[in-house]
Amino acid sequence: MGSIVPEVVSFAAKNTKEVGDVLGIGADKRVKWAEGLLERGPVKGTIFYAGEMYPVMGYSEGAFKILKRVEGLMNINHLAKVGPIMRKLGIYTVGMNSLWGGINRRYEKALQDAVKVLKGLGVEIGFLFEDEPPSGVALHTYGLLREFQEHANWVHRRLKELGVRKIITLDPIVATAFRLYYPEFVPGWDVECYHFVEIVAERIAELGLKFDLGRRIKVTYHDPCYLARTLGVVDEVRFILSRIEGVELVEPERRGIFTGCSGDGGLELTQPPVARKVALDRVMELKKTGANLVLTSCPACILMLRTGFDFIGQRVEVEDLASLIAEAMARGSERVEGEVKNFKRYRVFPKSPHFDSLSLEDLSKVLKMETDRCKKCGFCNVECPTSKAMNRLESRSSRGRVTLINSLVSGDPVRPKEVLDRLYTCVLCGRCSQECPAGLHVQELIVYGRAYAIYSGTIP
């Protein structure tokens, strides 16, 4: 079978299915950070889930910076062809570690800090080590939904075999996969999943704790799209920061459910130059706050924001919120009155479209019905970060992508490969769905549109 999927997406998908992460680093390297820190296996059914991004994101950060220097000579799809060759020669992971192992340790530290915080708050957790199955969320992101469905059902069976009933993760992207995508693709999905900040905020409130950082620092917080807009988790972060003496929070203009995108969401692989432009727009906004430290709670956001500040030559640290909490907790805590805190769970998006199956017939029927509802008003385009980054080119805008999907499933003379290329310029941030007066869940239509383009464009 031939495919219209770009080489870099095929590379990421193959690595996800065969090795467990998009770069193909391997489970043995992904779990070293947890040695001596966590008990093997679930504790009372609960695990800390590292996922396939945090443990290797430093390698991605290093590679992303190198890519900027060679873009005039080759693009990311050319580089994706080199990876398998290097692996066969046995120099792939060795080379990655020697080049960017130091960068990767910063992401590993965030995982270690998160575990220390959870354990310090009395949360009982274990870790699956090499048995941790990858969420496979990259397959969903890039529209390989049949492959994602098969993978997700395997993950569910594996977690049940291992006795996992509850997941706590630092990664909002995999939290989204387990909380929103798995129930859609896996019959009987019954594993609870929570993001780190949800658990931490709840425990701090319940125990009535307050911390002292021991220094004064001005920080700003970048709300990850997947955490704030998709999962609706916003207030917990502000509550946690309010309980750390010495921290002055200065908010950027776009925050909470109206956060600005940092340029990840898969775009960093499919369109790196566009991803950098989106990141640059966000870091300039964060820079205006005058903060000394930018905090966030997503590995891909950390990568893009660090890259953005590096690009403008600005010395602003970007760290995971977990590391600041761990630093404050290490100095001890003060008891104040405990409370039952009911944090608001924001509901941003309209109802997701329902697809009976992943057959071309069913995909076409629902996509046609949904995209026919588009009013062509362009409200979605105003806030679309990639449309702005690409000079408002219509075919690379939210409205333009919806129109292309409609044309493809209607049988108009458009080619699946070209449509997929346009759909892959979407960052899946969700601002379009937030603004749509017709109530379209636009980024989900784009994911399913990617699936239709891929499967209808497959060459026998």
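The following paragraphs describe helix packing, aromatic pairs and selected residues in a predicted model.

The model is predicted, and local features need a pLDDT of at least 70, side-chain atom pairs count only at pLDDT 80 or more, and totals for chains, interfaces and linings use all residues. Residues are numbered from 1 along each chain as its sequence is written, and side-chain values use heavy atoms, with hydrogens and water left out.

Helix α19 (residues 398–409) was examined against two other helices, where helices (H or I, at least four residues) and strands (E, at least two) are DSSP runs numbered from the N terminus. The axes of α19 and helix α22 (residues 442–456) come within 10 Å and cross at roughly 40 degrees; axes are lines fitted to C-alpha atoms, for helices over the stretch in contact, and angles run from 0 to 180 degrees between N-to-C directions. The two helices α19 and α22 are therefore oblique to each other, given that angles under 35 degrees count as roughly parallel, over 145 as roughly antiparallel, 65 to 115 as roughly perpendicular and the rest as oblique. The crossing of α19 past α22 is left-handed, a term that applies if the near helix is turned anticlockwise from the far one by less than a right angle, with right-handed used if the turn is clockwise. On the α19 side the contact (heavy atoms within 4.5 Å) is made by R401, V402, I405, L408 and V409, which meet V442, L445, I446, G449, Y452 and A453 in α22. The residues of this contact divide into nine nonpolar, one polar and one charged, where Ala, Val, Leu, Ile, Met, Phe, Trp, Tyr, Cys and Pro count as nonpolar, Asp, Glu, Lys and Arg as charged, and the others, Gly among them, as polar.

With α20, the axis of α19 comes within 10 Å and crosses at roughly 155 degrees, and α19 and α20 are therefore roughly antiparallel to each other. Here too α19 passes its partner, α20, in a left-handed crossing. Residues R401, L404, I405 and L408 of α19 meet P416, V419, R422 and L423 of α20, and the residues of this contact divide into six nonpolar, no polar and two charged.

Twelve aromatic pairs are found in a search of the whole structure, the criterion being that rings of Phe, Tyr and Trp (its six-membered ring) have centres within 6.5 Å, with planes under 30 degrees apart counted as stacked, over 60 as edge-to-face and the rest as tilted. The rings of Y49 and F178 have centres 5.1 Å apart and planes at 85 degrees, so this pair is edge-to-face. Distant parts of the chain are linked by the pair, since Y49 belongs to strand β2 (residues 46–49) and F178 to helix α8 (residues 172–185), 129 residues apart. Both Y49 and F178 are buried, where buried means under 20% relative accessible area, exposed over 50% and partly exposed in between (1.4 Å probe, protein chains only). A second edge-to-face pair is formed by Y142 and Y424, at 5.8 Å centre to centre and 80 degrees between the planes. Y142 lies in the loop between α6 (137–141) and α7 (145–161), and Y424 lies in the loop between α20 (416–423) and α21 (431–435), 282 residues apart; Y142 and Y424 are both buried. Y49 and F178 also belong to one aromatic cluster, together with F148, Y182, F185 and W189.

Positive phi values occur in K376, at about 60 degrees although K376 is not a glycine, and in L428, at near 60 degrees. K376 is placed in the loop between α16 (360–371) and α17 (379–383) and is partly exposed, with a relative accessible area of 44%. L428, in the loop between α20 and α21, counts as buried at 7% relative accessibility.

Two further buried residues have contacts with residues distant in sequence. T296, in strand β8 (residues 293–296), counts as buried at 0% relative accessibility, and its C-alpha atom is separated by 6.6 Å from that of E319, 23 residues apart along the chain. Not counting residues up to four places away in sequence, T296 touches residues including Y221, H222, P224, E319 and D320. L170, in the loop between β4 (166–169) and α8, counts as buried at 1% relative accessibility. L170 and L111 are 59 residues apart in sequence and 7.3 Å apart in space, C-alpha to C-alpha. Leaving aside neighbours within four places in sequence, the contacts of L170 include Y49, L111, H195, S297 and D320.
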